[in-house]
Amino acid sequence: NYIEEQLKIALEQNRLSLVYMPVFSCHTLKVVGIEALLRCQNLAEEGITPEQFIAVAEKTNLIKELDLWVIDNSLANLAELQQQQGFTGKVCINISGAELKNDSFSRAVEELLEKHQVAPSTVELEISETALLLSDEIIALAFEKIKALGVSIALDDFGTGSTAFGQLNHYPLDSLKIDSSFVRELFSEDADKTKMVKIFNNLGKLYDLRIAAKGVENQRQLEYLQEINCDWIQGYLLSYPLKKPDLISFISQND
Ligand code: G
Ligand code: G
Ligand code: MN
Ligand code: NA
């Protein structure tokens with residue numbers, strides 16, 4: 001597979017990079033976190049998106065190597081932000097559903113936390129709701145093992161998967177990230193999407209989870225999310241994903 005070959009080359013030749021999407025408190029609009037997003041230079045030049053190459057990597061063992069590369073590099077960047085800018089927010093890292101079946105994953109994360117001397121409480125791992133294809137017991141156990149490290153867990157793309165609402169209470173989650181497909185449709189013709197955002201928000205509150213809304217693109221969406229007391233927001237209204245130097249100046253201006 002061509003994409004797979006290119007990803008291997010990128011790993012060897014250091015052609016992977018990270019950009020960071022700032023995460024904001026919905027009420028104060030202060031930066032409370034940064035979400036690491038993987039980029040691959042040689043594939044980007046050919047118009048192949050992260051979504052496309054991550055899907056390919058997930059079909060092979062390559063995703064495990066990519067996930068560890070992302071964790072290693074984003075923890076290095078977080079340590080730098082903490083030391084040089086006194087950054088107190090979290091780094092949010094997307095991981096593949098494959099890690100739930102990977103017995104060595106939590107040990108590897110523990111080693112990387114040690115390596116970079118980063119407090120686990122400043123790290124959140126995000127897993128897509130669509131990746132939860134195992135039995136409830138296996139998912140809960142895998143989450144427990146990750147949580148035991150002291151890192152937090154967010155259920156990403158919430159609303160696009162098939163988690164039974166009652167099941168949420170049995171997973172040791174910290175946060176729900178409402179998928180941007182709902183947030184984008186706030187106040188659109190599709191009134192049900194607006195109601196869903198409110199329902200997801202209430203559901204999260206019921207289970208004492210932090211609610212994050214992704215894909216906030218306009219002021220009206222922001223005001224609605226403030227009104228319903230959403231916790232964290234991300235979106236192009238507030239910031240695009242930023243390269244490290246831009247992130248550093250963005251954070252210092254936001255202070
Ligand atoms: O913003 P972007 O186009 O990078 O995101 C595309 C998709 O790829 C999103 O669903 C995001 O969660 C996922 N993604 C981005 N970076 C990573 C990563 O480092 N690891 C994994 N597993 N998924 C990622
Ligand atoms: O992990 P997650 O599914 O959140 O992946 C983030 C993806 O969503 C990235 O591709 C990022 O560029 C994209 N994204 C983040 N915020 C917005 C937004 O406000 N509008 C749109 N259209 N895309 C967004
Ligand atoms: Mn994410
Ligand atoms: Na995602």
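Let me begin with the surroundings of ligand 2, where the residues of the shell divide into 5 nonpolar, 5 polar and 4 charged. Before going further, I should say that what we are looking at is a predicted model, and I would ask you to keep that in mind throughout. Of the 14 residues around ligand 2, those that come nearest are K214, G215, E217, G235 and Y236.

Ligand 1 has its own set of neighbours, and here I can read out the full list: L37, L38, T49, P50, E51, I54, D67, V70, N94, I95 and S96. If we ask which elements supply two or more residues to that shell, they are strand 2, helix 3, which covers 50-58, helix 4 and strand 3. Helix 3 gives the most, with 3 residues, and by class the shell around ligand 1 has 6 nonpolar, 3 polar and 2 charged residues.

Now to the fold itself. In this model 8 strands close into a barrel, in the order 1-2-3-4-5-6-7-8, and the pairing is mixed. As a reminder, strands of a sheet pair through backbone hydrogen bonds, either parallel or antiparallel.

I would like to walk along one part of that barrel, beginning at strand 2, residues 31-40, which pairs with strand 3, residues 90-95, in the parallel sense over 4 bridges. Two of the partnerships can be named, since E35 has C92 as its bridge partner in strand 3, and A36 has I93. Helix 4, residues 62-85, packs on the sheet here, touching strand 1 (16-25), strand 2 and strand 3, and its direction makes about 170 degrees with that of strand 3.

How much of strand 3 is covered? The answer is that 6 of its 6 residues are buried. In a regular strand the side chains alternate between the two faces of the sheet. In strand 3 we find K90, C92 and N94 pointing one way and V91, I93 and I95 pointing the other way, with all of them buried.

On we go to strand 4, residues 123-128, which runs parallel to strand 3 and is joined to it by 5 bridges, with V91 standing opposite V123. Strand 4 is in turn joined to strand 5 by 5 bridges, and these two also run parallel; across that pairing, the bridge partner of L125 in strand 5 is I153. Strand 5 is mostly covered as well, with 7 of its 7 residues buried.

Within strand 5, residues 152-158, I would like to stop at A154. Is A154 buried or exposed? A154 is buried, because 25 other C-beta atoms lie within 10 Å, and the cut-off for calling a residue buried is 20 or more. Leaving aside residues up to four places away in sequence, A154 touches C92, E124, E126, D174, S175, K177 and A212. A154 and L125 are 29 residues apart in sequence, and yet they are 6.2 Å apart in space, C-alpha to C-alpha.

Let me turn back to the start of the chain and to helix 1, residues 2-12, whose buried residues are Q6, L7 and A10. These residues cover an arc of only 105 degrees around the axis, and therefore they sit on the same side of helix 1. That agrees with a general point, which is that an α-helix has 3.6 residues a turn, so residues three or four places apart point the same way. On the other side of helix 1, E5 and E12 are exposed. The buried residues of helix 1 pack against strand 1, strand 2, helix 2 (41-44), helix 3 and helix 4.

I will finish with some backbone details. Helix 1 is followed by N14, whose phi is positive, near 60 degrees. D208, in the loop between helix 8 (191-206) and strand 7 (210-213), has phi near 65 degrees, a positive value in a residue other than glycine. D208 is exposed, because 9 other C-beta atoms lie within 10 Å, where the cut-off for exposed is 12 or fewer. N229, in the loop between helix 9 (219-227) and strand 8 (232-233), has phi near 70 degrees, again a positive value in a residue other than glycine. N229 counts as exposed too, with 12 other C-beta atoms within 10 Å.

Technical notes. Residues are numbered from 1 along each chain as its sequence is written. Chains are lettered from A and ligands numbered from 1 in the order in which they are written. This is a predicted model: local features need pLDDT of at least 70, side-chain atom pairs count only at pLDDT 80 or more; totals for chains, interfaces and linings use all residues. A residue is near a molecule or strand if its C-beta atom, placed from the backbone, lies within 6 Å of it. Ala, Val, Leu, Ile, Met, Phe, Trp, Tyr, Cys and Pro count as nonpolar, Asp, Glu, Lys and Arg as charged, and the others, Gly among them, as polar. Two strands pair if DSSP finds at least two bridges between them. Two residues are in contact if their C-beta atoms, placed from the backbone, lie within 7 Å. Axes are lines fitted to C-alpha atoms, for helices over the stretch in contact, and angles run from 0 to 180 degrees between N-to-C directions. The arc is that of the directions from the helix axis to the C-beta atoms.
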